[in-house]
Amino acid sequence: MAKARNQVQEKLKLVDIVLEIVDARLPASSQNPMLAEIIEQKPKVVILNKADLADPKATAAWQAYFQQQGAASLALDAQHKSRLPQIDKIVRQVLKDKIARQYAKGLQQAKVRAICIGIPNVGKSTILNRLVQKNIAKTGDRPGVTKNQQWLKVNAEFEVLDTPGILWPKFEDQTVGTKLALLGSIKDSLYAQDDVALFGLNYLRQYYDQRLLDAYHLTSKDLTLSDPDLMMYLTKKTGLKEDYDQFSTRFILDVRKGRFGRLTFDQIPEGAPHA
Ligand SMILES: Nc1nc2c(ncn2[C@@H]2O[C@H](COP(=O)(O)OP(=O)(O)O)[C@@H](O)[C@H]2O)c(=O)[nH]1
Ligand SMILES: [Mg+2]
């Protein structure tokens, strides 16, 4: 933990702006609170990546929330190259004073430098690859130490550090871990499948009940069952007899593959200030 923190702190000294990459389906749970602490006054943009998988209404609400907290944000589907110019645009917007100062000094070109930071699996490598249009950035989750930092050129005035800053998720929070497991962002073996599935089922009935009803052809009366009873009922209804575990696995895959549509699993906190 301390090592990851030091590495990120060192890299922060080199840049003008932080691109904090989060999973749009988990805008809070895929943040790391340590970043807010170590970033201090440095400008940042929160990139809600994988927005193609998240509930668009929730994404809009989260963006409004981040704006209220004073952070610029961008909803992104990094798999589509065409969306990448949006990053350049928002970085220029946030750093417009710095850029203006460089021109005022008589420089021909302004230069801004950025780093991507986030927990594993949020799409840091994909974004880096896209930003430079070539597969220079390596994919994989190793918390890499690079002695000689390399700058990848996005364009003449915008460079990004070739290795992302990797922070670990908030594992100590059980719900956060369960949510990350549900979306496949951490190893499946860390959490019991049936607990993860029960959590997902409970969340869907709370926030997306109609989608649950439609997907399994349920009546609203079925939703009066307790979570475990509903899960057993669905297990049987799906033709899996009493194989609760197999249903759990299947349900989790269905969530990830979009059977219930685009979902967001974090609700905006009420009142509480947030970095
Ligand atoms: N649907 C979707 N998948 C994405 C997006 N960005 C990245 N991914 C996928 O998410 C997985 C993790 O991406 P990666 O860039 O390796 O994440 P990193 O660990 O943060 O570097 C890969 O399978 C990517 O193809 C996105 O915007 N939408
Ligand atoms: Mg990576």
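In this predicted model, a backbone N or O atom of Ala-78 sits 2.8 Å from an oxygen atom of ligand 1. Side chains join in as well: a polar side-chain atom of Ser-125 lies 2.9 Å from a ligand oxygen, and an N or O atom in the side chain of Thr-126 comes to 2.6 Å from an oxygen atom of ligand 1. Taken alone, the ligand would expose 580 Å², and the protein buries 79% of that.

Stepping back to the whole shell, 15 residues surround ligand 1, and Asp-52, Ala-78, Asn-121, Lys-124 and Thr-126 come nearest. Sorted by class, the shell holds four nonpolar, six polar and five charged residues. As for where these residues come from, helix H6, which spans residues 124-132, supplies the largest share, with three of them.

Turning to the strands, E6 (residues 158-161) is covered on both faces. Phe-158 and Val-160 are buried on one side, and Glu-159 and Leu-161 are buried on the other. Glu-159, then, is a buried residue of this strand; here, buried means under 20% relative accessible area.

Strand E6 pairs with two strands named here, E4 and E5. With strand E4 (residues 112-118), the pairing is parallel and runs over three bridges; within it, Val-112 has Phe-158 of E6 as its bridge partner. With strand E5 (residues 151-155), the sense is antiparallel and there are four bridges. Trp-151 stands opposite Leu-161 of E6, and a hairpin of two residues carries the chain from E5 into E6. Both of these E6 partner residues, Phe-158 and Leu-161, are among the buried ones, though they sit on opposite sides of the strand.

Finally, a word on backbone angles. Glu-40 has a phi near 50 degrees, a positive value in a residue other than glycine. Glu-40 belongs to the loop between helix H2 (33-39) and strand E2 (44-49). Its relative accessible area is 63%, so Glu-40 counts as exposed, the cut-off being over 50%.

Lys-241 is likewise not a glycine, yet has a positive phi of about 50 degrees. This lysine lies in the loop that links helix H10 (227-237) to helix H11 (244-257). Lys-241 counts as exposed because its relative accessibility is 68%.

Note on methods. Residues numbered from 1 in each chain as written. Chains lettered and ligands numbered in written order. Predicted model: local features only at pLDDT ≥ 70, side-chain atom pairs only at ≥ 80, totals over all residues. Heavy atoms only, no water. Near = heavy atom within 4 Å. Polar contact = N/O pair within 3.5 Å; in protein donor to acceptor, adjacent residues only side chain to side chain. Areas by Shrake-Rupley, 256 points an atom, 1.4 Å probe, with all protein chains shown as cover. Nonpolar A, V, L, I, M, F, W, Y, C, P; charged D, E, K, R; others polar. Buried < 20%, exposed > 50% of the residue type's maximum accessible area, 1.4 Å probe, protein only. Pairing = 2+ DSSP bridges.
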